[in-house]
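Work through the following exercises with the sequence and the model side by side. Each one sets a task and then solves it step by step.

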Amino acid sequence: MFDILVKGGTLPDGRQADIGIRGDRIAAVGRLEAAAGRVIDATGDLVSPPLVDPHFHMDATLSYGLPRVNASGTLIEGIGLWGELRDIATVDEMVERAVRYCDWAVSMGLLAIRTHVDTTPDHLRGVEAMLEVKRRVAPYLDLQLVAFPQDGLYRTPTGRENLIRALDMGVDVVGGIPHFERTMEEGAESLRDLARIAAERVLMWDVHCDETDDPMSRHVETMAREVTRHGLGARAAGSHLTSMHSMDNYYVSKLLPLIAEAGMTAIPNPLINITLQGRHDSYPKRRGLTRVKELMAHGVTVGWGQDCVLDPWYSLGTADMLDVAFMGLHVAQMTHPAEMAHCFNMVTAENAKIMGLKDYGLEPGSLASLIVLDAGSPTEAVRLRPDRLAVISRGKVVAERARNDARLGLPGRPGSVRRRV
Ligand code: FE2
């Protein structure tokens, strides 16, 4: 007897299997005939572990237009706008926006999110708000918080002290932003300092590293060196790495093996990188995405992150990681069949690896968190970004949606149209 039986689905690896759930765990996977409290018919649908976002800014989300829109569209104006907003937004306002975003996320099957939290201001209201959000959503959504010194670890008098205070308050992961420190030397020193903090506290480390079009920026190599020095390995993630797009090819041929040697992971954020980078170019205009396929060819785990939704940096977004995969596929030119399918893995299993999620997957004993998509395969899921028909978190159905096929009113044509093949 199962509490829930998901019947007839296709798993991301192509297997056809039913999934039996008992309590908050997957009890069995295969051809299952046992009775169940509830049966979900997933015949012909894709059944996958949940979507995962390893890079987000939940303290800023759903604030688009506050205090005004980003007129230049640049990263720098976005940082300036956020600097004003974070000092006028109350804890309650930030909590309300973030919880509303988490509702969107759940409805899209996104059940684990790593969010950076700005630790710059002395009031640390963002940290207080995000810790409260983490507590509220904990029964159904894994939220990891990163102590993120948005204005630079050393660029404000209390930047370092406030980052430590945030970690002491319970923030999970150490952040960083070396390219925003005053000089290359101070950026490098910030990386040495932050790696030590992560190692001493046995925490993960996730750095906004070289989110710049500067081909001479060298913080990625310094980060890789520090990850190797402290043996952080996959506990460390380089977010953005956009300078690698613009770097000299000869130099990158040395850098890629250093990143692989470190064992660190990489999180490009295609929606935001394609929007914010290259803004100082005329033509040709750089894409600003890091070297995704080359990193993967060197054995580096690469996931796709969302970064922003309706905030000072990005005026769109829906909490759908399949939008992120869709954009990443295009910008990184991942059009081979195996690459398209891998783009789905990047927003599910690869991102779960980056976040270090425990018991993630569709094996007996895994947490019973899964999604049923109106698609036949991972590639079709990326192509259609289809409805999430059912979302199950830890053995509970937390979102459902009816299948939504368009009805046609055309003479001599069938009455409805499906986009699936
Ligand atoms: Fe970011």
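**Exercise 1.** In this predicted model, find which residues His 219 is in contact with, leaving aside its neighbours within four places in sequence.

*Solution.* Begin with the position of the residue: His 219 belongs to helix α6, which covers residues 219–230. Next, list the partners, which are Pro 178, His 179, Met 184, Gly 187, Ala 188, Leu 191, Cys 209 and Asp 210. One of these partners, His 179, is 40 residues away from His 219 along the chain, yet the two C-alpha atoms are separated by 7.1 Å. Finally, consider accessibility: His 219 has a relative accessibility of 1%, and because buried means under 20%, His 219 counts as buried.

**Exercise 2.** Determine how many disulfides the structure holds, and examine Cys 102 and Cys 209 individually.

*Solution.* The structure holds zero disulfides. For Cys 102, the nearest cysteine sulfur is that of Cys 308, at 15 Å, whereas a disulfide requires two sulfur atoms within 2.5 Å. Cys 102 is itself buried, with a relative accessible area of 0%. For Cys 209, the nearest cysteine sulfur is again that of Cys 308, here 17 Å away, and Cys 209 is buried as well, at 0% relative accessibility.

**Exercise 3.** Describe how domain 1 and domain 2 meet, and identify which three residues supply the most of the area that domain 1 buries against domain 2.

*Solution.* First set the bounds: domain 1 comprises 2–49 together with 361–400, and domain 2 comprises 51–355. The C-alpha centres of the two domains lie 30 Å apart, and 21 residues of domain 1 are in contact with 22 residues of domain 2. Between them the domains bury about 1600 Å², of which 66% is on carbon and sulfur atoms. The three residues sought are Val 382, Arg 385 and Arg 388, which supply 37% of the area that domain 1 buries against domain 2.

Turning to polar interactions, there are three salt bridges between domain 1 and domain 2, and six residue pairs are in polar contact between them. Asp 323 and Arg 385 form a salt bridge in which the closest N and O atoms are 3.8 Å apart. As for secondary structure, the elements that each supply at least two residues to the side of domain 1 touching domain 2 are β5, β13, α14, β14 and β15, and α14 gives the most, with five residues.

**Exercise 4.** Among the salt bridges found in the whole structure, compare the pairs Arg 229 with Glu 226, Arg 196 with Glu 189, and Arg 418 with Asp 405.

*Solution.* The whole structure contains 36 salt bridges. In the pair Arg 229 and Glu 226, the N to O distance is 3.0 Å, and both residues lie in helix α6, three residues apart, or about one turn of the helix. Arg 229 is partly exposed at 48% relative accessibility, while Glu 226 is buried at 3%.

In the pair Arg 196 and Glu 189, the closest N and O atoms are 4.0 Å apart; Arg 196 is partly exposed at 37%, and Glu 189 is partly exposed at 31%.

In the pair Arg 418 and Asp 405, the closest N and O atoms are 3.3 Å apart. Arg 418 lies in the segment after β17, and Asp 405 in the loop between β15 and β16, 13 residues apart. Both Arg 418 and Asp 405 belong to one network of salt bridges with shared partners, whose members include Asp 45, Asp 374, Glu 380 and Arg 383.

Notes. Residues numbered from 1 in each chain as written. Predicted model: local features only at pLDDT ≥ 70, side-chain atom pairs only at ≥ 80, totals over all residues. Heavy atoms only, no water. Buried < 20%, exposed > 50% of the residue type's maximum accessible area, 1.4 Å probe, protein only. Domains from an automatic or database assignment. Contact = heavy atoms within 4.5 Å. Buried area = accessible area lost by both parts, 1.4 Å probe. Salt bridge = Lys/Arg side-chain N within 4 Å of Asp/Glu carboxyl O. Polar contact = N/O pair within 3.5 Å; in protein donor to acceptor, adjacent residues only side chain to side chain. Helix = DSSP H or I, 4+ residues; strand = E, 2+ residues; numbered from the N terminus.
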